[in-house]
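Please open the model in a viewer and keep the sequence panel visible. The tour below proceeds by selection, from a single residue to strands and then to a pair of helices.

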Amino acid sequence: MFDVIPSPWRSKSSVPLSEATLQLHANRVDVPTYDRSALYRGVVHIGAGNFHRAHQAVYFDDLARSGISNRWGVTGVSLHSPDVKDLLSAQDGLYTVVQRGHDRQTARVVGSIGAVHYAPNDGAAVRAALADPQTRIVSLTITDNGYFLNPVTNEFDADHPDVRADLIASAGYATAWGYLADALERRRRAGVVPFTVLCCDNIAGDTQPARTALVSFAALKDPRLARWIDTHVAFPSTMVDRITPQTSKSERKFVEQAFGVADKWPVVTEPHRQWVIEDSFSNGRPPLEEVGAEFVADVRDHKLIKTRLLNGTHIALACLATLAGYQRTDEAMRDDVIFAYVEKLLGDEVQPLLPAVPGMNTPEYRGTLLERLSNPRMSDQLSRLARRGTNKIATFVLPSLQEAIAQGRPHTLLMLAVAGWARYMRGHDLKGRKLRLEDSQAIPVARLANMARRNPDPLLGHEMFAELRGVRGFAERLGAMIADIDERGVVPTLREALRNGERELVAR
């Protein structure tokens, strides 16, 4: 890939990105050299947003560039945003990926995505792509909310309005499961081999959340179809890792000025990327091991390490640092106290709970997280990391806290992560400024959080705290932490906790 030229081009020198202009960009950025028209569309990806375009689509682009296989091009589908289709279709599916490290920045144009569909308007095209025998994998990045799974019980929410609507729909659907069940029924009746359903979302606990969601949905519609799916469709679990913030106007302007590419929707991401995939497929699999992915028999421990360390830290940092007055990750990590909190949280409280995984250096991975979160060229929005915070706390933090308490290990910093989230969910910061709660449980949890100003018992009545509310002294300690954040501020509260933690470790 090409490094940034120190003297940026002026915007008037930039060229719009499309198939017709691709070679005009070849002197400034890496561009696809393979014949995109000859690329079979073997993958349909639902949720073709920034993360997919920075992660899975890049791997498939690498595979096409390598010349090893031309059977794994991607058809993109968006369930909720028409911009995905409008912006990418205007550029023939092409877009720029900029990798920003601490000391260098590189850029490439990715060409693995062909057609892009907005499901509410293009339902027939989506159904046709899914039913096409050429489609061998359907991959998903639809966020945890799109699975309709209770984070505590892992049960499918059959009463969700979108699910109920899809059970009686016959054309366009509101959920991924409506489309997948429809396509698999058509393939079953036609005698076509089913596709593999590849979940690329961070959902801890259930190793096959897509199986749970799809089989549960299908059972509500046709139990025979559900049994066929459960028997014949593979649902390999994966671990995906790459920090990818939202694209703003400043990123578009940067790509235009630095590389001369007038890209309507570039992706800015970090150099680090990892994809670990369970080797279980219904209809053949792409040779992604040739381009850096790893296939394993069981991905559960890889996923556990990544989600507990990275995703758990994300939500802890997002809530606490926002309450401390910061807006972006690198700003927060430049605060010595917050950096020390994250470092100690990872090293002293979370990592000791994790299993050893052959071939994975967990201490080294932990160290890279500190570097990645501190990268000033890859500053992520704390507000983005705080989205769906209730689910993230329940999924990525509370299990570590429960295990630490059960094992008699230090857990003050984990409790502070919960206290920070509880205070954040009141919906305003320490100066009274309103916070935007992008959380499916925002209304009930915010009500409980505001009831728990002095006594956390109302909040602890939530089902996510079923294993913790009976722990002796837990409610009192959590309440004291929330009060400390309110009365003393985040940084003084963290500083005192770190001092106490050092004394606790020495005593041990």
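Select Ala404 first: its relative accessibility is 0%, and because buried means under 20%, Ala404 counts as buried. The model is a predicted one. Ala404 lies in helix H15, which spans residues 389–407. Display the surroundings of this residue, leaving aside residues up to four places away in sequence: Ala404 touches Leu353, Arg409, Pro410, His411 and Leu414. Next, add Asp222 to the selection and draw the C-alpha to C-alpha distance. Asp222 and Ala404 are separated by 43 Å in space and by 182 residues in sequence.

Now select residues 95–100, strand E5. Is this strand enclosed or open to the outside? Six of its six residues are buried, so E5 is largely enclosed by the rest of the structure. Colour the two faces separately: Tyr95, Val97 and Gln99 are on one side, Thr96, Val98 and Arg100 are on the other, and both faces are covered.

Extend the selection to the partners of E5. Strand E6, residues 105–110, runs antiparallel to E5 and is joined to it by six bridges. Within this pairing, Arg100 has Gln105 of E6 as its bridge partner. The connection from E5 to E6 is a hairpin through four residues. Strand E12, residues 267–269, runs parallel to E5, with three bridges between the two strands. Here Gln99 has Thr269 of E12 as its bridge partner.

Move on to the open sheet of five strands, whose order is E7-E4-E3-E8-E9 with parallel pairing. Which strands stand at the edges? They are E7 (113–118) and E9 (196–199); each has a single partner strand, so one side of each is left without a neighbour in the sheet. On average, neighbouring strands of this sheet are turned by 20 degrees against each other, direction ignored. To inspect one pairing in detail, select E8, residues 137–140, which runs parallel to E9 and is joined to it by four bridges. Ser139 has Leu198 in E9 as its bridge partner.

Finally, select helix H5 (residues 161–168) together with helix H7 (residues 209–221). Their axes are 10 Å apart and the helices pack at an angle of about 50 degrees; H5 and H7 are therefore oblique to each other. Their crossing is right-handed. Show side chains at the contact: Val163, Asp166 and Leu167 of H5 meet Phe217, Leu220 and Lys221 of H7. By class, this contact of H5 with H7 comprises four nonpolar and two charged residues, with no polar ones.

Technical notes. Residues are numbered from 1 along each chain as its sequence is written. This is a predicted model: local features need pLDDT of at least 70, side-chain atom pairs count only at pLDDT 80 or more; totals for chains, interfaces and linings use all residues. Side-chain values use heavy atoms; hydrogens and water are left out. Axes are lines fitted to C-alpha atoms, for helices over the stretch in contact, and angles run from 0 to 180 degrees between N-to-C directions. Angles under 35 degrees count as roughly parallel, over 145 as roughly antiparallel, 65 to 115 as roughly perpendicular and the rest as oblique. A crossing is left-handed if the near helix is turned anticlockwise from the far one by less than a right angle, and right-handed if clockwise. Contact means heavy atoms within 4.5 Å. Ala, Val, Leu, Ile, Met, Phe, Trp, Tyr, Cys and Pro count as nonpolar, Asp, Glu, Lys and Arg as charged, and the others, Gly among them, as polar. Buried means under 20% relative accessible area, exposed over 50%, partly exposed in between (1.4 Å probe, protein chains only). Two strands pair if DSSP finds at least two bridges between them.
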